[in-house]
Amino acid sequence: MGKLAGYTIANMQESFTNTVNVTSYPTEKGLPITDSVQRQPKTFTITGKILGKNYTEAMKVYNALEKKQNAGTVVTYVGRTTAKNVVIISMQPTFDSTIGNGMSISIELQEIRIAKSPYVKKKTTKKKSGKKSKSNTKKTTKVYHKVKKGDTYWGLWKKYGTPIATLRKWNKYPDRRIPIGVKLRVK
């Protein structure tokens, strides 16, 4: 018994292949041979049966595995051997009269090598062109209020929430002599 992506396969045989590519060209004397060897992804072959209470249930499992294969979903196989980070590259079902509640199947898996650290692009420094660069500091947008008859610093504090002392500092008008029609900074 084995489990592929959470689905049970009554397996009869498991095998895996571990290969490397070696250059067919001559290498220079004194250079390490390992420079001419490239590891290939492992491939796994599982031969067994997908069984269910009836043929329809077995087909549901097959269709779910086929959906994962077509989407390129990375799955795990656990049986006598373990294959992590693999994709299903082929499935070959065989239907015969000896298995009424399922099918024989041969599945090939291929290892996907996942990088341990993501690629990080180096920041490039731009050459200065003599133009001003934009500042990263937040620019505060100032808010102004046009004074109407009866406006006071206290009323502006209630309306805008800016402390009275700050309003006095920004605007320089005495409390009882704020001219009508002038614009006062309130934020």
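Which residues make a nonpolar surface patch of about 230 Å²? The patch is made by Val-20, Val-22 and Val-37. The structure is a predicted model, and its protein chain has 187 residues, of which 25% are buried. The secondary structure comprises 3 helices and 10 strands, and six of these strands form a closed barrel.

**Overall organisation**

- Along the sequence, the elements of the protein chain follow the order β-β-β-β-β-α-β-β-β-β-α-α-β.
- Among contacts of the protein chain with a separation of 6 or more, 59% join residues that are 24 or more positions apart.
- The protein chain exposes about 14800 Å², and carbon and sulfur atoms supply 52% of that area.

**The barrel and its helix**

- The closed barrel has 6 strands in the order β1-β2-β5-β8-β7-β6, and their pairing is antiparallel.
- On average, neighbouring strands of this sheet are turned by 45° against each other, direction ignored.
- Helix α1, which spans residues 55–71, packs on the sheet.
- The strands that helix α1 touches are β1 (2–4), β2, β5, β6 (75–78), β7 (82–94) and β8.
- The direction of helix α1 makes about 125° with that of β7.

**Strands β2 and β5**

- Strand β2 covers residues 7–17 and strand β5 covers residues 43–51; the two pair in the antiparallel sense over 7 bridges.
- Ser-15 stands opposite Thr-45, a residue of β5.
- Thr-47 also belongs to strand β5, and with a relative accessibility of 30% Thr-47 counts as partly exposed.
- Leaving aside residues up to four places away in sequence, Thr-47 touches Asn-11, Met-12, Gln-13, Ile-105 and Ser-106.
- The C-alpha atoms of Thr-47 and Ser-104 are separated by 7.6 Å, although these residues are 57 residues apart along the chain.

**Salt bridges**

- The whole structure contains 2 salt bridges.
- One salt bridge joins Arg-39 and Glu-111, with 2.9 Å between the closest N and O atoms.
- Arg-39 lies in strand β4 (residues 37–39) and Glu-111 in strand β8 (residues 102–111), so this pair ties together parts that are 72 residues apart in sequence.
- Within this pair, Arg-39 is partly exposed at 33% relative accessibility, whereas Glu-111 is buried at 18%.
- Glu-111 counts as buried because its relative accessibility of 18% falls under the 20% cut-off.
- Another salt bridge links Arg-168 with Asp-175, where the closest N and O atoms are 2.7 Å apart.
- Both partners of that bridge are partly exposed: Arg-168 has a relative accessibility of 40%, and Asp-175 has a relative accessible area of 39%.

**The nonpolar surface patch**

- Val-20, Val-22 and Val-37 together make the nonpolar patch of about 230 Å² on the surface.
- Val-37 is located in strand β4, the strand that also holds Arg-39.
- Val-37 is partly exposed, its relative accessible area being 36%.
- Val-37 can belong to a patch because its relative accessible area of 36% is over the 30% required of patch residues.

Definitions and conventions:
Residues numbered from 1 in each chain as written. Predicted model: local features only at pLDDT ≥ 70, side-chain atom pairs only at ≥ 80, totals over all residues. Heavy atoms only, no water. Helix = DSSP H or I, 4+ residues; strand = E, 2+ residues; numbered from the N terminus. Buried < 20%, exposed > 50% of the residue type's maximum accessible area, 1.4 Å probe, protein only. Contact = heavy atoms within 4.5 Å. Areas by Shrake-Rupley, 256 points an atom, 1.4 Å probe, with all protein chains shown as cover. Salt bridge = Lys/Arg side-chain N within 4 Å of Asp/Glu carboxyl O. Patch = residues over 30% accessible without salt bridge, like charges linked within 9 Å, V, L, I, M, F, W, Y side chains within 5 Å. Pairing = 2+ DSSP bridges. Axes fitted to C-alpha atoms, helices over the stretch in contact; angles between N-to-C directions.
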